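Got the viewer open and a cursor ready? Let's walk through this one selection at a time.

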Amino acid sequence: MTATERRAALDAIAEEVRACTACRLHAGRTRAVPGEGNPMTEVVLVGEGPGVNEDRLGRPFVGRAGELLVRLLASIGWRREDVFITNIVKCRPPDNRDPEPDEVAACAPFLRRQLQAIDPALVVTLGRHSMSMFRPGTTISRSHGTAAPVDPATGAARAHVFALYHPAAALRAAAIETASFEDVARVPVALEEARRSRDGATTTAPASQPPEGGPALVDAPAHLPESDQLTLFT
Ligand code: SF4
């Protein structure tokens with residue numbers, strides 16, 4: 001898929017998300033939050049669902065949890081605009097409750113199609129709900145900081161998945177914040193391993209290369225607005 005085709009596919013998915021009424025969460029949303037980032041990245045970050053700030057702005061991770069996410073990425077020399085960030089449900093659950101299984105199921109086709117369009121080498125899950133979608137049968141306390149192959153049925157046909165705690169959980173507990181910085185330090189190695197496993201081939205030579213070890217951009221990066229604030233609901 002060319003860069004133009006990939007952007008068009010993601011834009012089309014985003015338009016469908018904004019009009020979606022497939023589950024009860026549509027009734028309480030201010031704005032749906034399809035996700036944002038560089039469509040040509042090798043890395044997709046998947047959180048759980050929009051919080052109050054995300055619902056207000058229609059953008060993922062725009063609050064304190066987002067600020068921490070930016071700091072986590074910066075600790076390995078990455079920028080949020082070098083990756084793609086989305087959630088397993090695109091509309092805010094009321095009172096920041098956990099998404100219900102039927103809501104996750106109703107929204108799953110959007111994430112699957114986003115992953116099919118981007119074809120990432122690495123999916124980074126943020127929090128236990130996202131992790132359980134990609135690594136069922138384990139717990140966040142056991143899997144954080146580790147990688148595993150992704151089931152192609154998720155839409156990521158040739159990827160590994162790496163589990164992180166949700167940044168909002170790290171904001172609530174210093175020990176989890178410390179663990180999160182230790183875990184994210186392993187992400188570049190996980191990306192390298194994921195690249196090697198992709199049909200024995202590495203990524204196409206990038207036209208734009210973020211800091212050393214960062215996700216390769218297969219094409220010039222899409223322009224994205226900088227985010228100033230963030231929050232999440234875990
Ligand atoms: Fe549609 Fe997903 Fe929003 Fe539910 S959460 S209304 S499935 S976009």
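## A loop stop to begin

Start by selecting Asp-95, which sits in the loop between strand 3 and helix 4. Bear in mind as you click around that this is a predicted model. Check the backbone here: phi of Asp-95 is near 55 degrees, a positive value in a residue other than glycine. Most residues other than glycine have a negative phi. Is Asp-95 buried or exposed? Its relative accessibility is 73%, and the cut-off for exposed is over 50%, so Asp-95 counts as exposed.

Now jump to Phe-61, in the loop between helix 2 (52-57) and helix 3 (64-74). Phe-61 also has a positive phi, near 50 degrees, and is likewise a residue other than glycine. Its surroundings are another matter: Phe-61 has 0% relative accessibility, and buried means under 20%, so Phe-61 counts as buried.

## Across the sheet

Next, show the strands as a cartoon. You should see an open sheet of six strands in the order 1-3-2-4-6-5, with mixed pairing. Strand 1 and strand 5 (147-149) are the edges, each pairing on one side only.

Zoom in on strand 3 (residues 84-87). In a regular strand the side chains alternate between the two faces of the sheet. Turn on side chains and look at both faces: Phe-84 and Thr-86 are on one side, Ile-85 and Asn-87 are on the other, and all four are buried.

Which strands does strand 3 pair with, and which way do they run? Strand 1 (residues 36-37) is joined to strand 3 by two bridges, and these two run antiparallel. Strand 2 (residues 43-47) is joined to strand 3 by four bridges, and this pair runs parallel.

Phe-84 is a good residue to leave highlighted. Gly-37 stands opposite Phe-84, and Val-44 has Phe-84 as its bridge partner in strand 3.

## Over to helix 4

Keep Phe-84 in view and add Gln-114. The two are 30 residues apart in sequence, yet their C-alpha atoms are 9.6 Å apart in space. Gln-114 belongs to helix 4. With a relative accessible area of 3%, where buried means under 20%, Gln-114 is buried.

## Inside the largest cavity

Time to look for empty space. Rolling a probe the size of a water molecule over the atoms shows where empty space is left. How many cavities of 30 Å³ or more are there? The count comes to three, and the largest holds about 90 Å³ of space.

Select the lining of that largest cavity, which is made up of 13 residues. Cys-20, Cys-23, Cys-91, Cys-107 and Phe-110 lie nearest its centre. Helix 4 (residues 101-118) supplies the largest share of this lining, with three residues. By type, the lining divides into 10 nonpolar residues, one polar and two charged.

What takes up the space in the largest cavity? The ligand does.

## Last selection: the ligand's shell

Finish by showing the residues around the ligand. Coming along the chain, pick Cys-20, Ala-22, Cys-23, Leu-25, His-26 and Arg-29, then Lys-90 and Cys-91, and then Ala-106, Cys-107 and Phe-110, which together surround the ligand. Colour this shell by type and you get eight nonpolar residues, one polar and two charged. While you have it on screen, pick out Cys-20, Cys-23, Cys-91, Cys-107 and Phe-110 again: these are the residues nearest the centre of the largest cavity.

Notes: Residues numbered from 1 in each chain as written. Predicted model: local features only at pLDDT ≥ 70, side-chain atom pairs only at ≥ 80, totals over all residues. Heavy atoms only, no water. 1 Å grid on protein atoms, 1.4 Å probe; cavity = no way out; pocket = protein on both sides within 12 Å on 5 of 7 lines; lining within 4 Å. Points joined across faces, edges and corners; volume = space filled by probe spheres on them. Nonpolar A, V, L, I, M, F, W, Y, C, P; charged D, E, K, R; others polar. Near = heavy atom within 4 Å. Sits in = over half its atoms within 2 Å of the grid points. Buried < 20%, exposed > 50% of the residue type's maximum accessible area, 1.4 Å probe, protein only. Pairing = 2+ DSSP bridges.
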